[in-house]
Every structure is written in structure tokens, then in C-alpha cells.
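Me: I am new to reading protein models and would like some help. Could we go through this one together, a question at a time?

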Amino acid sequence: MDSIWTQTVDMPHFAPLQEDLHTDVLVIGGGMAGVLCAYQLAQAGADYALVEADRIGGGITKNTTAKITSQHGLVYHRLIKEFGVDMARLYLQANQEAIQGYRELCMGMGCGLEEQESFVYSRDNPGKIQEELEALKRLDFPALFRKELPLPFPIAGAVGFPRQAQFHPLSFLKGISRGLRIFEHTKVLELMPEKAVTTGGSVFAKRIIIATHFPMLNKHGGYFLKLYQQRSYVLALKGAPDPGGMYIDEATPGLSFRSYQDHLLLGGGSHRTGKPGGWQKLEALARRWYPEAQITARWATQDCMSLDGVPYIGLYAKNTPQLFVASGFNKWGMTSSMVAACLLADLAMGKTNAFAGLFDPSRSMLRPQLAANAVEAILNLLTPTVPRCPHMGCALKYNPAEHSWDCPCHGSRFGEDGKLLDNPATDDKKHM
């Protein structure tokens, strides 16, 4: 089934590229991050173009739960512990500014922007909640504490952020894409310095921004080691009670709640792509907690996870001075997309940005997750099965819930007919 967002909006169409093109900045990828980059460049008067292999918003953006929040789990205690108070404060500031950016852009747009309180709850660990509250106190942020929430189970405690937001992501994308220089159905076939060869012609650009969810180049940056992908699931329940806010579990896998009009969006079931999963557990919980509700949509999403829980936004690699990237949003793609757009637009135009050091993709890779990623890749490279992923040769695993072949190394997915569903692979899988 399609997501509730695709069911409730008609997206605009943009013509494909049909000739060679010269521009100052090329944006590759028409999801939320890429279109926002194009918008910021247009507002700054830059010469730019955006190419998208399919349709704008047709990838991960259409499958988000569309929470616009600075509360990315119980992140601030960890950020202070690992990076210090100043960097944690920068992270909070970047995301709070992103929320304000959405407020300003959504005025009069009709994309359903609603201010909501956001909560991270724990069902059995009040100590984690208290640690986060203390961290936020050090950052002078007016966090909320709750012992109870309007959810169908008891909690041990919750920390809340006031004045966060939620919206309809595709309605927003439809609004800001008007008048932008976008070419749909224009797939990048080859990248080289200051040139992208596409299905419709070559684009010559002084600077290139790669906003393709998972970065498409393997020979720079080591993203095949720095990232892995997680899959999770959402149900749209018509007739379930509105909880009046946005909620997510601090534990993994946990449950997510938000409303949209007369629907409750229930999310959960997170797991590494290529491992078993599906909607079954969510559906069982929905029947138990909301027996009168009707499931009107169900969908899955996929998220790039960084080594340290902070996105990679900036130079693609130290040796690629004119190539930029945005990836590793760790399930918080809405605020991270706005942060990325503002930061990358500045960098592409040669401006300084206060957040560049925090999100620098070339920061240390020495994190425990690096070893886990490497082990997963080695095990699946050595698995003597077919079919194999054309990205880097890992053994694909069959996903019976979604009738697809999934790569547990880097998250590429293919239909039963071999058609590419999710990157970083760039081509269909032949001979399935």
C-alpha cells in the first residue's frame, strides 16, 4: 500500500533533461534534502539545477512520518558525553533553526503544519529520562517532564520538547518546488570532476551536491563503512484516538505515534535492512489497542544511520573540494534536511557556516558501529549464495513481508523482478 501522503496529494511533474547543461551548482536527488537545497540556492540567487532519477519526493520522503523536531531520541546526554556541551548546543541550535525555517516557509502554503509537543518516553528506565533532562538543563532548554502520556500503555517517564511541529511532507514539497529548475526522470550515469553524465545529457557544474539518501560514490569518503540502513514500518489507523502530540520510544525497536487529520500513525518494528521484519507485530498491537480502528494505509521506510548518530553534511571527502554530500539522518530526515540545505547552500557558494564542523563527514570513524558494519559486510560477502547485490557484491536476503531482495550490508533493495527499489545500488539486478 502507498503511504497516506501519496494518497492525499498530486505531485507536480517536471520535464527530463534533454540536452547538455552548464550551471554553477548541480544538486543530485529530489527528496526533501535535495529540493530544499535547490530552494535555498534559488533564494540566494545562485545558478543551479536539480536532477532526479524518478519523481521528486518519490523515495524516502514519501514514507516519512514527517515529525519536525529537535528531539532525536535521548540524544543530548550522549552528545554532551561524546562531544561536549558546546557541540551539543550547536546540534540543538541547528535543529531549532530548522524548525523555524519550516514555520516560515509553511506560512500560507496549506501543508498542514501544526505545532505539537514532542516526547521521548521510556517504558522501564526512568534513569535515562532523568539523564536527558539534566543534559537539557545544561543546554538551557525548557524541557518538559511527564510521568504519564495518552498512550495505550504505562510509562516510566518521558521528556518533552515544546513548540515542535508536524506536517504533510509531500504537500510541502509540492509548494516549495514551484518555479525551481528541476529535471525529473534524469538519472546520473557517471560522475567526474565538474561533470555529471545523465540519461538526458551531460551537466557541467563547478560544484555538485549529492543528496541521494545513501551516497552514490564508493571511491571517496568510505560511506559504505560509515553508514548502514534500517527499515521500519507505519500503519495509518482511521478511528483511533488522537494522542495530541508526537511520541517515540527511547528503546530500539520501539513505537512511534502521531496524528494526521482523523488518522493515527503508528510506527515501529525497526531492524537492520536485510534482517527479518514486517507489519505483523504492529498490526497485532493495533487490533489489541484500537479494535474499532481501520487500517487505511501501511508503508515501510528506510533510514541511513551514521556511526556516531550525527548526520554527514559537508564535503564528500577531504580530497573532493567541489563535491558535497548530505546523508546519515538517523531517522530524523525533516529537520536534518533543512539543516543540510542551509549548510550546503552556504558551502556551495563559498560562505562560512557555524555548523560545518559539527556535521563534517570527514570526522573520526573510530566508533563501535564501524566494527559492526565491517563484520556484517564481511559475513555477507563470504556467504556463498545468489542473487548478489550489484553495489558491492553482498549476498541478498529475501524479504517475504515486502516480496523483495534486500542487502544486509548497505541496504540496497530489489523487487522480485530485479527492479531497483532502494539505493545505494544504481542499477536493476539482472538474473534474479
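Me: Which radius of gyration does the protein have, and what would a compact globule have?
Reply: Happy to help! This is a predicted model, in which local features need pLDDT of at least 70 and side-chain atom pairs count only at pLDDT 80 or more, while totals for chains, interfaces and linings use all residues. Residues are numbered from 1 along each chain as its sequence is written, and side-chain values use heavy atoms, leaving out hydrogens and water. The radius of gyration is taken over C-alpha atoms, and the globule rule is 2.2 Å times the number of residues to the power 0.38, so for 432 residues a compact globule would be near 22 Å, which agrees with the protein's 21 Å.

Me: How much of the protein is buried?
Reply: A residue is buried under 20% relative accessible area, exposed over 50%, and partly exposed in between (1.4 Å probe, protein chains only). Of the 432 residues, the buried share is 58%.

Me: Where is Ile 209, and is this residue buried or exposed?
Reply: Ile 209 sits in strand β10, residues 201-210; strands (E, at least two residues) and helices (H or I, at least four) are DSSP runs, numbered from the N terminus. Contact means heavy atoms within 4.5 Å, and Ile 209 touches residues including Val 25, Ile 28, Phe 324 and Leu 344, not counting those up to four places away in sequence. Its relative accessibility is 0%, so Ile 209 counts as buried.

Me: How far apart are the end C-alpha atoms of helix α9?
Reply: The expected span of a helix is 1.5 Å times one less than its number of residues. Helix α9 (residues 333-348) has 16 residues, so it should span 22 Å, and this agrees with the distance between its end C-alpha atoms, 21 Å.

Me: How many residues of α9 are buried?
Reply: This helix is mostly covered. Among its 16 residues, the number buried is 14.

Me: Which residues form a nonpolar patch on the surface with Leu 381?
Reply: Leu 381 lies in helix α11, residues 368-382, and is partly exposed, with a relative accessible area of 43%. Patches are made of residues with over 30% relative accessible area and no salt bridge (a side-chain nitrogen of Lys or Arg within 4 Å of a carboxyl oxygen of Asp or Glu); like charges are joined within 9 Å, and nonpolar side chains (Val, Leu, Ile, Met, Phe, Trp, Tyr) within 5 Å. With about 310 Å² of accessible area together (Shrake-Rupley method, 1.4 Å probe, only the protein chains shown counting as cover for residues), the patch joins Leu 381 with Ile 378 and Leu 382.
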